[in-house]
Amino acid sequence: MQLKSDKACGVVYVEAGTHLYLPLEWTEVHADIIDVSALVTVTQHFSQYSPSGLSRAKYVFPVPSRAAVCGFEMVAADGTVVTAVVKEKEEAKREHQAAIRQGRMTGLVEHVTDDIFSISLGALPARQMVTTKITVCDHPTD
């Protein structure tokens with residue numbers, strides 16, 4: 001599985017009209033490979049140092065165009081967990097907006113391109129480590 005991108009990756013947010021990124025502290029990769037198929041989990045730990053938290057941000061990660069994201073989870077240091085669940089698009093959007101209004105950590109997957117995974121994040125807590133875990137399934141097509 002080859003992961004490469006000339007686009008910026010990580011957790012990005014906008015402050016005063018400028019795109020800023022949470023510092024990536026460390027990354028862990030676990031891969032299960034069977035024959036020509038792979039199941040790869042990438043865990044990334046970001047420092048969310050803002051004293052007031054972030055009301056909105058976006059997680060962006062490159063994936064091979066033939067692969068599929070088959071899992072996503074985000075965990076804050078306080079134990080709050082957001083796990084990806086498939087829902088009807090409009091219902092998911094409503095729930096995401098409601099969670100942001102209530103100040104709850106949330107995520108909403110958005111399709112950008114076949115080789116970029118993106119999820120809108122809401123209400124990232126102040127001064128906490130935020131951990132993302134993305135699982136990618138890759139199986140070559142004939």
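## The second largest pocket

Four elements, β1 (10-15), β5, α1 (89-101) and β9 (116-124), each supply at least two residues of the lining of the second largest pocket. The model in front of you is a predicted one, so please read what follows as a tour of that prediction. Among the contributors, β5 gives the most to this lining, with five residues.

The second largest pocket holds about 210 Å³ of space. Its lining is made up of 16 residues, and those closest to the centre are Val-12, Arg-56, Ala-57, Lys-58 and Leu-121. Sorted by class, the lining has eight nonpolar, five polar and three charged residues.

## Strands β5 and β9

Two of the strands that line the pocket, β5 and β9, also pair with one another. They run antiparallel and are joined by eight bridges. If you want a place to start looking, find Lys-58, which stands opposite Ser-120 in β9. Lys-58 is also one of the residues closest to the centre of the second largest pocket.

How covered is β9? Nine of its nine residues are buried, so the strand is largely enclosed by the rest of the structure.

## A cluster of aromatic rings

Strand β5 also carries Tyr-59, a good guide to the aromatic side chains. The structure has four aromatic pairs, counting rings whose centres lie within 6.5 Å. One of them joins Tyr-59 and Phe-61: the ring centres are 6.2 Å apart and the planes meet at 10°, so this pair is stacked. Both of its members are buried, Tyr-59 at 0% relative accessibility and Phe-61 at 7%.

Tyr-59 has another ring partner in Phe-72; here the pair is tilted, with 5.5 Å from centre to centre and 40° between the planes. This contact links distant parts of the chain, with Tyr-59 in strand β5 (residues 54-62) and Phe-72 in strand β6 (residues 68-76), 13 residues apart. Phe-72 is buried, as is Tyr-59. Taken together, ring pairs link Phe-46, Tyr-59, Phe-61, Phe-72 and Phe-117 into a cluster.

## Strand β4 and its two partners

Now turn to strand β4 (residues 37-48), which is mostly covered: 10 of its 12 residues are buried. Thr-41 belongs to this strand, and at 17% relative accessibility Thr-41 counts as buried.

Strand β4 pairs with strand β3 (residues 24-34) in the antiparallel sense over 10 bridges. Along this pairing, Trp-26 stands opposite His-45 in β4. The two strands form a hairpin with two residues between them, and Asp-35 in the turn has a positive phi of about 55°. Strand β4 also pairs with strand β10 (residues 128-138); these two run antiparallel and are joined by 11 bridges. Here the bridge partner of Gln-44 is Thr-132 in β10.

## The disulfide and another cysteine

How many disulfides does a search of the whole structure find? The search finds one, formed by Cys-70 and Cys-137 with their sulfur atoms 2.2 Å apart. The torsion about the S-S bond is about 95°, so this disulfide is right-handed. Cys-70 lies in strand β6 and Cys-137 in strand β10, so the pair ties together parts that are 67 residues apart in sequence. Strand β10 is also the strand that β4 meets through 11 bridges, and strand β6 is home to Phe-72 of the aromatic cluster.

Are the cysteines of the disulfide buried or exposed? Each falls in between: Cys-70 is partly exposed, with a relative accessible area of 44%, and Cys-137 is partly exposed at 28% relative accessibility. Cys-70 can also be placed relative to strand β4, as its C-alpha atom is separated by 9.7 Å from that of Thr-41, 29 residues apart along the chain.

What about Cys-9? Its sulfur is 18 Å from the closest cysteine sulfur, in Cys-70, which is too far for a bond. A disulfide here calls for sulfur atoms within 2.5 Å. Cys-9 counts as partly exposed, at 35% relative accessibility.

Key. Residues numbered from 1 in each chain as written. Predicted model: local features only at pLDDT ≥ 70, side-chain atom pairs only at ≥ 80, totals over all residues. Heavy atoms only, no water. Phe/Tyr/Trp six-rings, centres within 6.5 Å; stacked < 30°, edge-to-face > 60°. Buried < 20%, exposed > 50% of the residue type's maximum accessible area, 1.4 Å probe, protein only. 1 Å grid on protein atoms, 1.4 Å probe; cavity = no way out; pocket = protein on both sides within 12 Å on 5 of 7 lines; lining within 4 Å. Points joined across faces, edges and corners; volume = space filled by probe spheres on them. Nonpolar A, V, L, I, M, F, W, Y, C, P; charged D, E, K, R; others polar. Pairing = 2+ DSSP bridges.
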